[in-house]
Amino acid sequence: MDFAYVSGNPALDLAGTVLSRRDEPVDVLAAPADLERWVAQCDALPDRVTADAATFESALALREAVHRLALDRVLGRPFDPGSLGIINATAAGPVPTVELGDAGLRTSGDLPAVLSQLAGTGIAVLADPHACLKECGRGGCTRIYLDRSRGARRSWCGMDECGNRVKAAAYRARKRAATTAEG
Ligand SMILES: [Zn+2]
């Protein structure tokens with residue numbers, strides 16, 4: 001499963017690396033190496049970074065701050081001050097450099113720079129009054145995503161991740177109902 005790209009914003013994707021937050025949380029980023037892989041998967045971020053223990057902890061703190069703030073935004077309540085402090089302090093650091101070449105855009109920087117960039121994209125989406133943030137409609141998913149669809153009519157974080165699962169479950173339920181009615 002691909003954990004980058006699903007939420008429509010890199011900071012929200014970072015927050016989405018804890019699955020099923022309410023029921024049985026699964027942490028995709030269990031160790032610094034997982035974070036290195038996640039950054040490498042993310043299009044907008046440098047291909048190769050090294051995560052030490054301290055920077056890994058900062059990444060997890062940023063992740064939880066982004067999730068809390070995004071949830072505050074979804075629920076229409078004031079932002080949590082502690083989480084604001086974390087995202088703002090992280091965004092204040094130096095960000096990766098970008099270079100244009102024939103192969104396109106090249107991004108380079110270390111992990112602290114990546115975290116600053118992630119915090120910055122998180123701030124941009126959280127501050128945007130037109131950005132439509134939603135929590136996934138599949139019970140138990142808890143991923144918060146940016147709905148860019150026309151009329152903001154998306155119900156799930158991603159079709160592969162949740163949409164198809166919801167549809168398959170509905171199909172099975174209908175089939176069961178039909179079998180019961182026949183029998
Ligand atoms: Zn989902």
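Q: What covers the buried residues of H2?
A: In this predicted model, the cover over the buried residues of H2 includes H3 and H5. The residues of H2 that are buried are Leu35, Trp38 and Val39.

Q: Why are the buried residues of H2 said to line one face of the helix?
A: Viewed down the axis of H2, the buried residues fall within an arc of 100°, so they line one face.

Q: Which residues of H4 are buried, and what makes them a face of the helix?
A: Ser83, Ile86, Ile87, Thr90 and Ala91 are the buried residues of H4. Down the helix axis they fall within an arc of 125°, and they therefore line one face of H4. These buried residues pack against H3 and H5. On the other side of H4, Pro81, Gly82, Gly85 and Asn88 are exposed.

Q: Why is the packing of H3 and H5 called roughly parallel?
A: The two helices pack at an angle of about 5°, with their axes 11 Å apart. Angles under 35 degrees count as roughly parallel, so H3 is roughly parallel to H5.

Q: Which residues make the contact of H3 with H5, and how do they divide by character?
A: From H3 the contact draws on Thr55, Ser58, Ala59, Leu62, Val66, Leu69, Ala70 and Arg73, and from H5 on Leu111, Pro112, Leu115, Leu118, Ala119, Gly122 and Leu126. By character, 11 of the contact residues are nonpolar, 3 are polar and 1 is charged.

Q: Which residues touch the most other members of the largest nonpolar core, and which elements give two or more residues to this core?
A: The core has 38 residues, and Ala11, Leu12, Leu62, Val66, Ala70 and Ile87 touch the most other members. Two or more residues come from each of helix H1 (10–15), helix H2 (32–41), helix H3 (53–75), helix H4 (81–91), helix H5 (111–127) and strand S6 (144–146). H5 supplies the largest share, 7 residues.

Q: With which residues is Leu12 in contact, leaving aside its neighbours within four places in sequence?
A: Beyond those neighbours, Leu12 is in contact with Ser7, Val66, Ala70, Val125, Ile144, Tyr145 and Leu146.

Q: Why does Ala168 count as exposed?
A: Ala168 has 10 C-beta neighbours inside 10 Å. A residue is exposed if it has 12 or fewer, so Ala168 counts as exposed. Ala168 lies in helix H6 (residues 159–182). The C-alpha atoms of Ala168 and Thr55 are separated by 40 Å, the two residues being 113 residues apart along the chain.

Q: What makes the phi of Ser20 notable, and why does Ser20 count as partly exposed?
A: Phi of Ser20 is near 45°, a positive value in a residue other than glycine. Most residues other than glycine have a negative phi. Ser20 is placed in the loop between strand S1 (18–19) and strand S2 (26–27). With 13 C-beta neighbours inside 10 Å, Ser20 counts as partly exposed, because the exposed class ends at 12 and the buried class begins at 20.

Q: What is the phi of Ala152, and where is Ala152 found?
A: Ala152 has a positive phi of about 45°, although it is not a glycine. Ala152 is found in the loop between S6 and H6. Its 13 C-beta neighbours inside 10 Å make Ala152 partly exposed.

Q: How many helices and strands does the chain have, and what share of its residues is buried?
A: The chain has 6 helices and 6 strands, and buried residues make up 32% of its 183 residues.

Methods
Residues numbered from 1 in each chain as written. Predicted model: local features only at pLDDT ≥ 70, side-chain atom pairs only at ≥ 80, totals over all residues. Core = buried A, V, L, I, M, F, W, Y, C linked by C-beta atoms within 7 Å. Helix = DSSP H or I, 4+ residues; strand = E, 2+ residues; numbered from the N terminus. Contact = placed C-beta atoms within 7 Å. Arc of directions from axis to C-beta. Axes fitted to C-alpha atoms, helices over the stretch in contact; angles between N-to-C directions. Parallel < 35°, antiparallel > 145°, perpendicular 65-115°, else oblique. Nonpolar A, V, L, I, M, F, W, Y, C, P; charged D, E, K, R; others polar.
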